[in-house]
Amino acid sequence: MPEGDTIHHAANRIRPVLAGRVPEQIVTPQRRHERDRWPERLAGRAVEAVEARGKHLLVRFDGDLVLHSHLRMTGAWDVHAVGERWRRARSRAWLVLRAGGQEVVQFDGPLLELITTSRARTDPRLRDLGQDVIGERFDEAMLLRRIREDDPTRPLGDALIDQRTIAGIGNIWKSECCFAAAADPWKPLARTRDEEIVAAVRFARERMAQSARDGYEARPRAVYARAGERCPRCGERIRAAGQGDGNRSTYWCAGCQR
Ligand SMILES: [Zn+2]
């Protein structure tokens, strides 16, 4: 499931292929993109930058055009040498950008659009994003201000996946960082101490940066998707339940997360 570390990892792989280059070929195989004419609109334009912002990926072209993608639950980016076997079926590709003997492919992305730079600045989905959890500069005081402006009855776990508060954390990292901080994800913000929030987010920042660099294998798996197994810290059974408006899966140990 793509969270901020996955998107940064993808951007880190895509950047050396595309940045500073004019793609030699651009293909949009899905019928829904037939009339968008992206190959024509992007022809001859160089890629200026490849950016991850929370769970969003932006490919900026010269001439103020931006490819904006969000993978939600199903999508994936991949980079292969031309001719190499693809990780998913060809029929599931939405976008193929070819440059320097490599292909950058987006599969199954529920959100893929070509927008102008000014639209990318003002679109609420991008404009309202909180600080990127993996950003090099991160202001903990600003994060705490945002959290304290939130509804004090909101559970900690639900607050941490609000992309306007902090961008990039999803169900996996929410569960793991609350566990690392020994903080109960069901505890309302009013009863959550600043130190617990900071400890959870520092864990997420450090470990997500590592996973962005090294890939999935670097992700911790203490509680996520381990319902019914023994807690590695106290031996109680790990629990799972849906949380918040989106009924988002949360895993925690009631024995040692308070
Ligand atoms: Zn425990």
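Glu 103 pairs with Arg 98 in a salt bridge (a side-chain nitrogen of Lys or Arg within 4 Å of a carboxyl oxygen of Asp or Glu), and their closest N and O atoms lie 3.0 Å apart. The model is predicted, with local features needing pLDDT of at least 70 and side-chain atom pairs counting only at pLDDT 80 or more, while totals for chains, interfaces and linings use all residues. Residues are numbered from 1 along each chain as its sequence is written, and side-chain values use heavy atoms, with hydrogens and water left out.

The two partners of this first pair fall into separate accessibility classes, where buried means under 20% relative accessible area, exposed over 50%, and partly exposed in between (1.4 Å probe, protein chains only). Glu 103 is buried, at a relative accessible area of 4%, whereas Arg 98 is partly exposed, at 28%.

What, then, is the N to O distance in the salt bridge between Glu 196 and Lys 187? Here the side chains meet at 2.6 Å. Glu 196 counts as buried because its relative accessibility is 8%, and Lys 187 is likewise buried, with a value of 5%.

Turning to the neighbouring numbers in the sequence, Arg 193 forms a salt bridge with Glu 195, and 3.1 Å separates the closest N and O atoms. Arg 193 has a relative accessibility of 48%, so this residue counts as partly exposed.

Salt bridges also join residues into a network, which links Asp 150, Arg 154, Asp 158, Asp 162 and Arg 164. Overall, the count by this rule comes to 22 salt bridges.
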